[in-house]
Amino acid sequence: MPSARRMILGHVMSGLCTKMNRTKQLPADLMETPLNRCLNTFDITLLGIGHMVGAGIYVLTGTVAREMAGPAIVLSFILAGLVSLLAALCYAEFGTRVPKAGSAYVYTYVSIGEFWAFVIGWNIILEHMLGAASVARAWSGYVDSMLGNIVANITMEITGEMHEQLLAKYPDFLAFFVCLSYAVALAAGVKATAMINSILTTVNVAVMALVVVLGFWYASPDNWSLPEQGFMPYGFGGVLAGAATCFYAFVGFDSIATSGEEAKNPSVSIPLATILSLCVVTVGYVLVSAALTLMIPYNEINPAAALPDAFGMRGITWAKYAISTGAICGMTTTLLGSLFALPRCLYAMASDGLLFSCFGKVNTKTQVPLLNLAISGICSALLALLFDLEKLVEFMSIGTLLAYTIVSASVIVLRYRPISVEETVHLAPDTPGTDEEDGGPALPGSVAPGAAGGGIDSSSQSSTIDPSSPTSEMIEIALAGRLRPQFRWLEPVLGRCEPGVACSGAVLMFCVLSVAVCFQLENSWDELYNGTWWALGLYGFLLFCLVACVVVISAHHQNTRGLQFKVPFVPYIPALSIFCNIELMVHLSFLTWLRFFIWLSIGMLVYFLYGIHNSKEGELGTSYSMLMSTSEAIRGWGSTSTALGGGTKVTVTKIIKGRISRKTAGDRQAIVDDDDDEDS
């Protein structure tokens with residue numbers, strides 16, 4: 001009986017692991033959607049800018065400058081912008097691969113598996129709910145400060161103060177109704193939302209330009225060199241803490257990826273809008289924070305209304321009204337961005353069966369998931385009613401950083417994962433056959449099955465194959481995840497691994513080691529700085545292992561065919577993004593992590609009690625093969641298989657069974673192996 005129980009338990013656990021690791025099967029036509037594809041690049045760029053430029057610039061800037069970084073807030077915004085740019089590049093590549101709603105959730109489902117996709121999707125839901133609530137709270141606080149705190153005083157007179165430490169000082173009914181009002185406005189449709197967002201974002205950017213011009217006109221360089229304080233009064237630790245907080249200001253760019261299912265041409269619009277909006281916002285934040293800290297000393301900044309008070313102290317009272325207008329517009333667009341992205345994430349997860357099916361319904365008239373929008377607005381409004389801005393912002397950062405980390409890891413995994421050998425890939429009509437019954441010549445540059453690590457002669461490949469030919473595409477797909485010729489010395493260690501497995505394992509090890517390094521830096525920086533022998537040895541060993549993981553990944557062939565936008569310098573940029581995101585997560589407080597695990601525990605109940613049993617993937621195969629074999633991946637989005645009419649179908653198995661064409665000094669013709677001659 002014990003043996004039978006072990007067998008049953010082993011079977012159950014094996015089936016559970018299979019379900020948790022299954023990947024999303026993409027439809028043949030990636031452009032088909034019940035949502036309305038009506039957004040152009042300009043609309044999406046302004047959506048990203050509007051989502052990022054809001055409470056961050058009008059509320060967060062004063063808080064970080066006064067309490068965390070001082071004038072060095074400029075460095076904090078630069079660091080936060082660079083870390084965000086690393087993640088944004090990864091989002092941009094995935095946006096061209098998978099033009100679907102759901103952002104990081106869909107990307108993780110395609111590349112890593114269902115369980116981690118649910119974790120990311122669940123955290124994105126939290127991120128956008130908290131984002132909408134925090135901006136509504138900031139919107140309310142800003143308006144209240146302009147009115148002389150009338151709203152807060154009247155509310156506390158009626159309801160009294162809430163003395164619970166985890167809650168806000170008083171319930172914010174104005175923020176509650178703001179959330180509900182904007183949720184109702186979004187129900188009009190995505191095109192109307194984009195139009196409103198574009199107008200408000202234009203006003204906001206104009207106000208930012210006014211702040212920068214006037215700020216530098218009244219600037220005093222002495223404010224960056226105060227006695228006994230200088231440019232970095234809180235040290236480099238304050239700069240890092242400020243960067244972790246300023247990171248909140250950049251979280252909106254993932255709403256660009258979420259809009260991929262409503263973009264007319266996602267392969268162009270998503271990467272262009274992502275990079276452009278992030279660059280504009282980073283430059284704007286740096287210039288505004290520099291102007292603010294140059295106008296007045298950082299210790300005189302009012303965190304609640306930094307910019308209006310700064311101009312008031314300089315006697316420019318008329319500018320206060322312009323700044324207040326820009327602040328209202330900016331926070332409105334940020335709130336719209338969060339409430340825009342949240343229903344679409346719920347829709348994506350429900351469409352896959354991981355959330356309740358009612359969330360997957362789209363209104364046929366407005367082409368908007370109205371039920372999702374209603375629930376999103378109500379939940380965000382309740383959070384804004386009960387919690388203050390500081391707790392909402394810190395709690396939101398952890399889910400965002402985790403999503404960015406997994407997206408960066410997913411880029412590496414997909415670049416080095418080969419497609420399934422059973423999948424069929426359409427080639428052009430003039431592509432030669434590869435098997436004996438086709439009667440054609442051996443495929444030049446194809447992979448020899450006995451070649452160590454799946455490597456090929458790189459010199460013969462580059463000299464005999466046109467990089468733009470379908471044959472070259474098939475060879476690159478076949479080589480993905482196999483050792484490069486110059487790294488054959490790694491064969492004794494990695495030679496027995498299936499293609500792509502070693503790279504995936506190295507990515508996992510890199511993430512674990514990054515956590516170890518960041519925690520050690522947080523807890524034993526003084527020992528390392530003072531040159532303690534054990535600290536130097538420990539860090540040296542950990543860094544060596546990190547570098548070894550990157551070397552193992554880069555030792556393999558990539559598959560970049562069909563990508564209209566590619567992250568440069570893979571795996572180095574995604575690996576740096578992973579490390580930076582983990583470093584910022586380490587700086588978050590213990591209570592933030594505790595709240596995060598409580599939210600995650602609720603999500604695990606939803607997944608294991610409902611999602612894993614109702615997932616529409618079932619026992620389907622992996623999705624990367626379909627992703628790379630669709631005509632969209634090879635020819636560009638919107639193309640169909642008829643564009644390859646008359647083409648022959650050549651399986652990857654046949655390519656791998658081909659022989660490598662080799663060149664000698666006296667013979668430039670492909671050599672046909674003896675066994676091929678015998679077969680023919």
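This passage describes selected cavities, pockets, aromatic contacts, helices and backbone features of a predicted model.

A search of the whole structure returned six cavities of 30 Å³ or more. The second largest cavity holds about 50 Å³ of space. Its lining is made up of L39, D43, L47, V190, T193, A194, N197 and F340. Two elements, α2 (41–52) and α9 (190–217), give two or more residues each to this lining. The largest share is that of α9, with four residues. By class, five of the lining residues are nonpolar, two are polar and one is charged. F340, one of the lining residues of this cavity, also takes part in a contact with an arginine: the charged end of R344 sits over the F340 ring, 3.9 Å from the ring centre. A further contact of this kind involves R137 and Y170, where the charged end of R137 sits over the ring at 5.5 Å from its centre.

The second largest pocket encloses about 850 Å³ of space. It is lined by 28 residues, and those nearest its centre are W116, L402, I406, L508 and C511. Helices α1 (2–21), α6, α16 (389–416), α20 (501–523), α23 (572–586) and α24 each contribute at least two residues to the lining. The greatest contribution is made by α20, which supplies seven residues. The lining comprises 23 nonpolar residues, four polar residues and one charged residue.

Aromatic contacts were also examined, and 21 aromatic pairs were found in the whole structure. One of them is formed by F118 and Y607, with a distance of 5.1 Å centre to centre and an angle of 40° between the planes. The pair is classed as tilted because its angle lies between the limits of under 30 degrees for stacked rings and over 60 for edge-to-face rings. F118 belongs to helix α6 (residues 114–146) and Y607 to helix α24 (residues 590–614), so that the pair links parts of the chain 489 residues apart. Both partners fall below the 20% limit for buried residues. F118 has a relative accessibility of 0% and therefore counts as buried. Y607 is likewise buried, with a relative accessible area of 0%. The two residues are part of a cluster in which ring pairs link F115, W116, F118, W122, W599, Y607 and F608. W116 thus appears in two settings, since this residue is a member of the aromatic cluster and is also among the residues nearest the centre of the second largest pocket.

Helix α16, which supplies residues to the lining of that pocket, contains T405. With a relative accessibility of 6%, T405 is under the 20% limit and so counts as buried. The C-alpha atom of T405 is separated by 8.2 Å from that of F579, although the two residues are 174 apart along the chain.

Helix α12 (residues 266–295) includes C279. The helix has 30 residues and reaches 42 Å from its first C-alpha to its last, close to the expected 44 Å at 1.5 Å a residue. Most of α12 is covered, with 22 of its 30 residues buried. C279 itself is partly exposed because its relative accessibility of 39% lies between the 20% limit for buried residues and the 50% limit for exposed ones. The C-alpha atoms of C279 and L85 are 8.1 Å apart, while 194 residues separate the two along the chain.

Two backbone features occur in the loop between α22 (533–554) and α23. Most residues other than glycine have a negative phi, and most peptide bonds are trans. F569, in this loop, has a positive phi of about 55° although it is not a glycine. The residue is exposed because its relative accessible area of 63% is over the 50% limit. P571 is found in the same loop, and a cis peptide bond joins V570 to P571, with omega at about 15°.

Notes: Residues numbered from 1 in each chain as written. Predicted model: local features only at pLDDT ≥ 70, side-chain atom pairs only at ≥ 80, totals over all residues. Heavy atoms only, no water. 1 Å grid on protein atoms, 1.4 Å probe; cavity = no way out; pocket = protein on both sides within 12 Å on 5 of 7 lines; lining within 4 Å. Points joined across faces, edges and corners; volume = space filled by probe spheres on them. Nonpolar A, V, L, I, M, F, W, Y, C, P; charged D, E, K, R; others polar. Buried < 20%, exposed > 50% of the residue type's maximum accessible area, 1.4 Å probe, protein only. Phe/Tyr/Trp six-rings, centres within 6.5 Å; stacked < 30°, edge-to-face > 60°. Lys NZ or Arg CZ within 6 Å of the ring centre and 35° of its normal. Expected span 1.5 Å × (residues − 1).
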